[in-house]
Amino acid sequence: MERPLNVPGIAYGGDYNPEQWPEEVWAEDMRLMTEAGVNMVSVNIFAWALLEPSEGVYDFTRLDRVLDLLHAHGIAADLATPTAAPPAWFFRAHPEALPVDMNGRGLSYGSRQTFCPSSPAYREAALRMARALGERYAGHPAVVMWHIHNEYGCHNAECFCDTSAQAFRRWLRARYGDDLAALNDAWGTAFWSQWYYDWDEILPPRATGTDHNPTHRLDWRRFCSDELLSLCRAEREVLAEAAPAVPATTNFMVMYNFDALDYWRWAPELDIVSNDHYLRSTDPESEVDLAMHGDVVRSLAGGLPWLLMEHSTGAVNWQPVNRAKKEGELRRNALAHVARGADGIAYFQWRAAKAGAEQWHSAMLPHAGTDSVIWRDVVALGADLRALAEVRGSTGTAETAIVWDWDARWALELPSQPSEQVRFLELTRSWYEPLWRAGVAVDFVRPDADLSAYRLVLAPSLYLVDDAGAANLTAFAERGGTLAVGFHSGAVDENCHVRLGGYPGAFRTALGVRTDELFPLLPGETVGLSGGGTASLWSERVRPAGAETVASYTDGPLAGVPAVTRHAHGAGAAWYLATLPDRRTLAALLTRIREDAGVRPVLPDVPPGVEAARRRGSDADYLFLIDHSGAGAEVAVAAGSVELLTAQPAAHGSVTVPPGGVAVVREPHGT
């Protein structure tokens with residue numbers, strides 16, 4: 001059953017927490033939301049203690065008034081189940097529901113998400129709350145979407161208690177067909193005398209003397225993701241029973257500092273995919289991180305539009321140093337998310353809190369009130385989003401895909417690797433960034449995805465891949481596509497077992513190379529490359545087995561050994577990067593690879609410092625141009641185009657992007 005979001009144009013708003021304020025403030029909230037162009041807010045996210053003051057006793061009077069007030073002012077409600085923060089009375093009644101860390105230390109309540117995901121008592125209480133909300137508000141005219149929980153796994157992705165151990169064993173029995181021999185084989189338990197003779201001998205990977213069995217640890221990560229997903233799915237089923245036509249979402253955290261959940265498994269469970277994204281203050285080019293993760297979320301949504309459920313108007317409160325955003329950054333950030341497929345822009349939160357753990361987190365209405373830069377920017381952004389209403393529903397246009405896999409990420413970053421400096425996210429971003437700068441549209445895919453829409457597929461970091469995924473990627477090249485693979489990819493199978501016979505394991509034949517030894521580089525160490533440039537992080541002794549050498553090491557222990565190769569494979573080509581070239585060299589190499597594949601950027605010549613992205617609608621394309629350089633640019637566009645933010649025709653076939661500003665151009669099809 002298709003469940004669309006019933007909000008006109010692009011949704012705009014934020015987390016609204018009226019329970020934190022006297023009721024006389026609510027009228028001002030409504031007036032200012034109207035002024036800012038807010039048309040949807042998330043409510044009730046952390047209100048469990050007020051809704052259910054004691055077990056089974058509910059008080060909905062405050063929430064009734066809030067929802068009625070929102071509806072009276074034409075503002076839709078994304079109504080949350082407040083299950084991310086159980087009240088104190090629940091933990092006093094059920095202390096066994098509190099989480100335990102890997103050192104066996106029990107944690108106390110007093111913050112949020114302080115529950116064990118495997119706790120039967122928590123599940124029962126959460127579903128009881130979800131059912132009460134669903135039955136009461138299923139027909140309320142303000143409610144246009146259910147917001148299940150909040151940021152699953154943000155603080156309690158893992159619990160190591162005995163209840164979790166029992167749940168882990170149940171999950172393992174299902175995964176391995178109740179065959180303990182199959183588990184022993186998958187985990188390689190003959191190593192270090194870890195063989196299990198009884199399921200009850202298996203524990204979570206609690207603190208121990210040295211490194212855990214890698215497959216044990218990997219299966220634990222898979223279990224933890226699935227255990228939280230089971231909670232989300234259970235709430236979703238309760239809400240769907242009460243209100244079958246109302247769509248449901250939960251806010252993912254596809255961003256630089258969170259990797260606990262396999263969102264490829266989560267996304268199909270939701271009617272609408274949504275995400276929370278925050279910038280890192282220490283990242284001088286955080287716009288690259290924003291774009292990359294926006295593309296990941298759009299891909300999780302199956303290429304369809306999605307919702308940005310949280311980001312910040314200015315500083316956050318949880319980094320070592322929390323810096324405010326620079327002039328124009330609020331607008332650039334929001335519209336960059338729209339450029340990457342977001343059909344809704346929301347913030348944490350509407351009104352800055354004066355008390356509590358997040359009192360120094362920025363908001364749409366800051367502590368300074370309406371006489372502030374943030375407020376003026378919030379109002380201006382509302383006008384921008386109204387001007388972009390027609391963009392809603394348009395989709396992406398990528399011919400390039402990057403392989404993104406949580407199993408591979410988890411496995412790569414387990415202990416006892418050849419180099420702990422090799423990190424999935426950093427490697428993936430290093431390949432994504434030059435494509436972003438060139439204005440090349442990028443989707444992200446699972447290893448087993450349908451690749452028929454793409455000319456170029458990149459696998460910067462695919463340490464773990466199963467046989468089906470490897471076959472899918474190599475078949476893509478056989479059929480005429482261009483495949484590029486990064487070092488230390490294809491090394492292990494789905495059980496973290498090394499693929500024997502030489503590296504890069506699963507991709508040896510397609511790449512036409514064989515490596516017999518790895519030579520990771522020390523921090524700060526570089527080696528030269530033929531043709532100019534340097535490389536860092538990694539090297540390996542590559543021997544061509546049909547591949548041509550594109551670049552070799554010029555010094556170090558592997559001088560003269562291939563560092564980059566290209567191999568004709570079937571009707572296509574397969575490239576191997578056995579090292580990490582410097583930024584300029586990598587950008588030139590990826591330009592060569594994508595040109596070899598016939599991939600073009602969204603514009604023939606993207607001006608330096610300008611981000612270019614395109615969404616495709618039924619009657620027109622929407623070209624987003626965002627200046628990050630501060631210099632502005634003049635950009636050629638199709639005849640008959642209109643710049644939507646100013647409602648001005650593109651005179652003389654071009655549009656001006658102001659310094660630090662944004663232009664969004666409607667380009668009619670067929671011009």
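**Entry 1: around Thr83**

I began with Thr83 and listed its contacts beyond the neighbours within four places in sequence, which are Trp48, Phe115, Tyr122, Ala126, His149 and Glu235. I note at the outset that I am working from a predicted model. Where along the chain does Thr83 lie? I traced Thr83 to the loop between β3, residues 76-80, and α4, residues 88-93. I then looked up its accessibility and found a relative accessible area of 0%, so I entered Thr83 as buried.

Two of the names in that contact list, Phe115 and Tyr122, made me turn to the aromatic rings. I noted a count of 29 aromatic pairs. For Phe115 and Tyr122 I wrote down ring centres 3.8 Å apart and planes at 5°, and therefore this pair is stacked. I checked the cover of each partner as well: Phe115 has 0% relative accessibility and is buried, and Tyr122, with a relative accessible area of 1%, is buried too.

**Entry 2: other aromatic residues**

I next looked up Phe168 and Trp187, whose ring centres are 6.5 Å apart and whose planes stand at 25°, so I recorded this pair as stacked. Which parts of the chain does the pair tie together? Phe168 belongs to helix α6, residues 162-175, while Trp187 belongs to helix α7, residues 180-187, so the pair links parts that are 19 residues apart in sequence. Phe168 counts as buried at 0% relative accessibility, and Trp187 counts as buried at 3%.

I also followed one aromatic cluster, which is formed by Tyr152, Phe252, Phe258, Tyr263, Trp264, Trp266, Trp404, Trp406, Phe424, Tyr432 and Phe444. Apart from ring pairs, I looked at Trp21 and found the charged end of Arg351 sitting over its ring, 5.3 Å from the ring centre.

**Entry 3: the sheet of 9 strands**

I returned to β3 to see which sheet holds it, and found an open sheet of 9 strands in the order β5-β4-β3-β2-β1-β9-β8-β7-β6, with parallel pairing. Its edge strands are β5, residues 248-249, and β6, residues 251-252, each of which pairs on one side only. I followed β6 to strand β7, residues 274-276, and noted that the two pair in the parallel sense over 2 bridges. One position that I looked up there is Asn251, whose bridge partner in β7 is Ser274.

I then asked which strands helix α3 touches where it packs on the sheet. Helix α3, residues 61-72, touches β1 (11-16), β2 (40-43), β3 and β4 (143-147), and its direction makes about 150° with that of β3. Helix α11 packs on the sheet as well, touching β8 (306-310) and β9 (342-347), with its direction at about 145° to that of β9.

**Entry 4: the sheet of 5 strands**

Looking further along the chain, I found 5 strands that form an open sheet in the order β22-β23-β28-β25-β26, and here the pairing is antiparallel. The edge strands are β22, residues 610-616, and β26, residues 648-649, each pairing on one side only. Between β22 and β23, residues 620-627, I recorded 7 bridges in the antiparallel sense, and I saw that a hairpin joins these two strands through 3 residues. Within this pairing, Val610 stands opposite Asp627, and Ala613 has Phe624 as its bridge partner.

Is β22 mostly covered or mostly exposed? I found it mostly covered, since 6 of its 7 residues are buried. I looked again at helix α11, residues 329-339, and noted that this helix lies across β22, β23 and β28 (662-668), running at about 150° to β23.

**Entry 5: around Glu285**

My last stop was Glu285, in the loop between β7 and α10, residues 286-300. At 21% relative accessibility, Glu285 counts as partly exposed, because a residue is called buried when the value is under 20%. What does Glu285 touch, if residues up to four places away in sequence are not counted? I listed Arg429, Glu433, Arg437 and Arg583. I also looked up how Glu285 and Glu433 are placed: they are 148 residues apart along the chain, and their C-alpha atoms are separated by 10.0 Å.

Methods
Residues numbered from 1 in each chain as written. Predicted model: local features only at pLDDT ≥ 70, side-chain atom pairs only at ≥ 80, totals over all residues. Heavy atoms only, no water. Pairing = 2+ DSSP bridges. Helix = DSSP H or I, 4+ residues; strand = E, 2+ residues; numbered from the N terminus. Contact = heavy atoms within 4.5 Å. Axes fitted to C-alpha atoms, helices over the stretch in contact; angles between N-to-C directions. Buried < 20%, exposed > 50% of the residue type's maximum accessible area, 1.4 Å probe, protein only. Phe/Tyr/Trp six-rings, centres within 6.5 Å; stacked < 30°, edge-to-face > 60°. Lys NZ or Arg CZ within 6 Å of the ring centre and 35° of its normal.
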